[in-house]
Amino acid sequence: MKKRAFSGIKPSGSLHLGNYLGAIRHWVADQHKYENIFCVVDQHAITVEYEPAVLRQNIRELVGLYLACGLDPEQCSLFVQSHIPEHTELAWLFSCITPMGWLGRMTQFKEKSEGLREQVSAGLFTYPALMAADILLYQTQEVPVGEDQKQHVELARDIAQRFNHLFGETFVLPEPVIRTVAARVMGLDDPTKKMSKSSASDNHGIGLLDPPALIRKKLSRATTDSQRDIVFNRERPGVYNLLSIYQALSGQSQEEIEAHFAGKGYAQLKGDLADLVVAALEPIQERYRQLTSAPEHIDQVLAQGVVRLRPLVDATMTCVRYVMGLR
Ligand code: TYM
């Protein structure tokens, strides 16, 4: 029996290289190993201010990119979170057994709510209960994510444990799966901040759909430092970030990469890295163009995902409603 893997991405902006290196490329590489479920978590994207028309567009772009990056709908159930209403039902049930203290400790909540004070939505605060529902609804064993989501997956595990303790064995306890290379890709403009979809700066992230010339320009402007040698050193976050991206895309060891750049300068590092990034993204962009010229294919894939998942959703929810005394 294959283990079940679940993961998702928020359609809150254009996908960037961090999402690809930290998450999607591993989903694609490992899809034969697992029973896979990948979600476009649209209800997570509405916890902060947003434009409905832009969200609608982002959802479709994200599904197109899942397919263009290589997720195979025969091996993976792909779907949009709001198309299965039990996610929000289970999230409500979880929010009734999750202490406020657990939610208040989430670093993503602290970061995103900074400066908003009373304006922060209740949804942003209870976001991890919805994420726990996403994962636990499918009795997921493994959750492949970038490093920034580790705390949320651990909270999902704590919620499962608490539920099982209160109402009897119901949920499988999930584990985060985080790879070591490029699990946290940093912003090109500021390598002390993680690359994110919501940055306002033009030179912050590389979009998966950025044209080659733009990729080259952004990398040529990436922040480095005033030293000369090109070595993996976490104390030098700009160079470390570029080298980590290089390592993820080339598959070479740190020693091989340091030997390759010995005696060379930052311009060479940025140029060689741009070649690798462009070579990785061009085929994805080409497939994306083909896929989006036939939008009915995307609708079909999403509908098939929901149909396949229905029995699993019904099994979990029938049990949950019963043990909680609702039925
Ligand atoms: P999101 O949409 O912010 O990110 C999607 C995936 O990309 C990874 N990631 C990164 N990896 C490396 N470097 C980066 N700079 C970087 N930025 C993002 C994330 O770790 C993630 O794997 N709350 C989640 C979405 C979610 C989810 C779920 C994930 C909702 N429900 C259930 C797993 C399971 C989020 O906001 O991811």
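**Exercise 1. Work out which residues are closest to the ligand, and how the shell around the ligand divides by type.**

Start with the count: 27 residues surround the ligand, and the closest are K10, Y127, D134, D148 and K197. A residue makes the list if one of its heavy atoms lies within 4 Å of the ligand. Keep in mind that this is a predicted model, where local features need pLDDT of at least 70 and side-chain atom pairs pLDDT 80 or more, while totals for chains, interfaces and linings use all residues. Residues are numbered from 1 along each chain as its sequence is written, and side-chain values use heavy atoms, with hydrogens and water left out.

Next, sort the shell: 13 nonpolar, nine polar (Gly goes here) and five charged residues.

**Exercise 2. Find polar contacts of the ligand (N or O pairs within 3.5 Å), then see how well the ligand is covered.**

Take the oxygen side first: a ligand oxygen sits 2.7 Å from a side-chain N or O atom of K10. Now the nitrogens: one is 3.1 Å from a polar backbone atom of G18, and a polar side-chain atom of Q149 is 3.0 Å from a ligand nitrogen. As for cover, the protein hides 98% of the 710 Å² of accessible area that the ligand has on its own (Shrake-Rupley method, 1.4 Å probe).

**Exercise 3. Track down the salt bridge of R4 (a Lys or Arg side-chain nitrogen within 4 Å of an Asp or Glu carboxyl oxygen).**

The partner is E35, with the closest N and O atoms 3.0 Å apart. Then place both ends: R4 is in strand 1 and E35 in strand 2 (residues 34–40), 31 residues apart. Strands here are DSSP E runs of at least two residues, numbered from the N terminus. By the salt-bridge rule, the count comes to 17.

How values were computed. A polar contact is a pair of N or O atoms within 3.5 Å; within protein, one must be able to donate a hydrogen and the other to accept it, and residues adjacent in sequence count only if both atoms are side-chain atoms. Helices (H or I, at least four residues) and strands (E, at least two) are DSSP runs, numbered from the N terminus.
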